[in-house]
Amino acid sequence: MHAKKLASQQHSTTMENLPFDVLSNIFIWLFAKQLAQMRCVCKSWNAFLSQSSFIKSHLDHSIVNNDEVLLFFYGAFNIFGDEAFSAHPTRSPNWKLNDFIKPPFDLKFATVIGSVNGLVCFFDESFHDPMIYIWNPSLSALSTLPSHFVASLGDSYRKSIDFWFGFDPKSDDYKVIKLEGLLQPPSFIDPNLAASVSPSSFVVKEWLQVEVYSMRKGCCQLISQRFPSHITGISGQDEVSVTGYDTLLHWLAFIDEKKELQTIVAFDLGAETFCEIPLPVSMFEHKAGDVLGVLGGKLCVMSRIRDDECEVWVMDDYGVVESWVKRYTFSQFGNTVPFGFTSHNEFLFKVEKLRGDDDDDGDSDYDDLHDVEYCDDCFGLYDPVAEKSKFFKLHCRITKIVGYVDSLVWMGPNELQRSISQLQV
């Protein structure tokens with residue numbers, strides 16, 4: 001009798017029988033890939049780990065407690081090896097995490113659209129027909145969008161075609177937005193010379209109806225509102241969501257034919273409507289590259305005002321143009337190109353031309369920079385509060401940088417899901 005009672009007590013304390021609040025405190029610290037394997041232990045664990053409330057808690061925990069990882073994508077002509085991207089933690093940028101993040105197939109001919117909550121969206125042109133995929137590296141899960149959604153890519157010479165990827169928290173849905181515009185040479189070009197003008201100089205004369213793909217519904221649909229007709233082209237390639245206004249996706253766009261004046265266009269992922277937010281008036285004086293971002297939960301923009309000087313503007317009161325405030329200026333890295341912001345409020349930038357050793361003035365900001373081999377792209381992070389910088393050792397031209405976070409997030413109709421093993425080449 002005593003032996004049976006003891007055996008019963010031991011059985012009651014096994015992992016499978018722990019209360020779910022205790023299990024949650026354990027599971028929250030594990031990686032998504034480990035949790036995916038634990039779903040196979042028993043039905044109750046599978047049900048618990050599949051709950052949207054736990055998936056969201058695990059994601060929030062990952063964002064707050066894990067080091068942010070940046071994925072640097074090299075593009076189609078990487079002469080330094082077969083890798084299509086390089087993964088680096090922001091706290092230790094010289095570490096390389098490629099052994100832990102495996103691409104679904106050869107991404108050399110892939111163009112990354114964006115990343116949100118651990119999902120990476122990209123389109124690939126390595127096969128006969130271009131395809132758009134949504135990929136969760138943590139779960140080795142891949143979803144393929146309908147081929148007709150990208151069918152017009154082959155007719156891109158006289159079209160402006162842009163894709164954007166975002167998350168609508170109200171409907172718990174991930175969406176891909178497709179913007180198409182018909183191109184023409186700008187009016188200041190002599191019509192007789194138009195045939196010799198580079199398509200990159202063309203402007204949009206008419207925006208076509210916007211199409212949106214819903215990952216939750218697994219289908220595409222046209223929306224009723226047209227893209228703002230006075231927009232002549234898309235400027236920035238990074239979409240931005242702002243804390244407290246999570247349903248809105250923002251990007252930069254041109255409003256003149258010379259592609260010098262910009263504005264912010266916002267798309268409401270829930271209502272599927274557009275609105276416009278003007279940039280600070282003083283920024284119209286600078287015709288260099290600008291990038292949108294989020295700093296301290298607020299919409300911001302980093303602008304290069306001279307080759308070696310950048311400034312950061314923050315919109316203190318969302319949507320109120322008068323609330324734009326110039327918060328930071330930095331100029332200690334040479335020929336600097338703004339590239340974005342991290343979730344830890346660091347500035348991401350590119351140094352196009354490294355300063356020589358003769359320029360070293362003993363400032364600690366240059367110490368790490370001198371250790372970086374000269375290459376096409378030298379990227380750095382700058383913490384404006386601590387006034388500290390660090391640099392990534394990269395060896396090829398970068399086409400896109402996105403943030404990555406360990407995530408259990410996944411959704412979509414079963415027929416759109418494929419295992420990674422089926423797509424390895």
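A residue is termed buried when its relative accessible area is under 20%. By this criterion, both faces of strand β5 are covered in the predicted model. M131, Y133 and W135 are buried on one side of β5, and I132, I134 and N136 are buried on the other. Strand β5 comprises residues 131-136, and six of its six residues are buried.

Strand β5 is paired with both β4 and β6. Strand β4, residues 119-124, is joined to β5 by five bridges, and the two strands run antiparallel. Within this pairing, D124 is positioned opposite M131 of β5, a residue that is itself buried. Four bridges connect β5 to strand β6, residues 141-144, again in an antiparallel arrangement. Here I134 of β5 faces S143 of β6; I134 belongs to the buried set I132, I134 and N136. Strands β5 and β6 constitute a hairpin, with four residues between them. In the turn of this hairpin, S140 has a positive phi of about 50°.

A separate description applies to the sheet containing β1. This sheet is open and consists of three strands in the order β2-β1-β25, with antiparallel pairing. Its edge strands are β2 (85-89) and β25 (400-404), each of which pairs on one side only. From one strand to the next, the twist averages 25°. Strand β1, residues 69-73, is linked to β2 by five bridges, and these strands run antiparallel. In this pairing, L71 lies opposite A87 of β2.

Notes. Residues are numbered from 1 along each chain as its sequence is written. This is a predicted model: local features need pLDDT of at least 70, side-chain atom pairs count only at pLDDT 80 or more; totals for chains, interfaces and linings use all residues. Side-chain values use heavy atoms; hydrogens and water are left out. Two strands pair if DSSP finds at least two bridges between them. Axes are lines fitted to C-alpha atoms, for helices over the stretch in contact, and angles run from 0 to 180 degrees between N-to-C directions. Buried means under 20% relative accessible area, exposed over 50%, partly exposed in between (1.4 Å probe, protein chains only).
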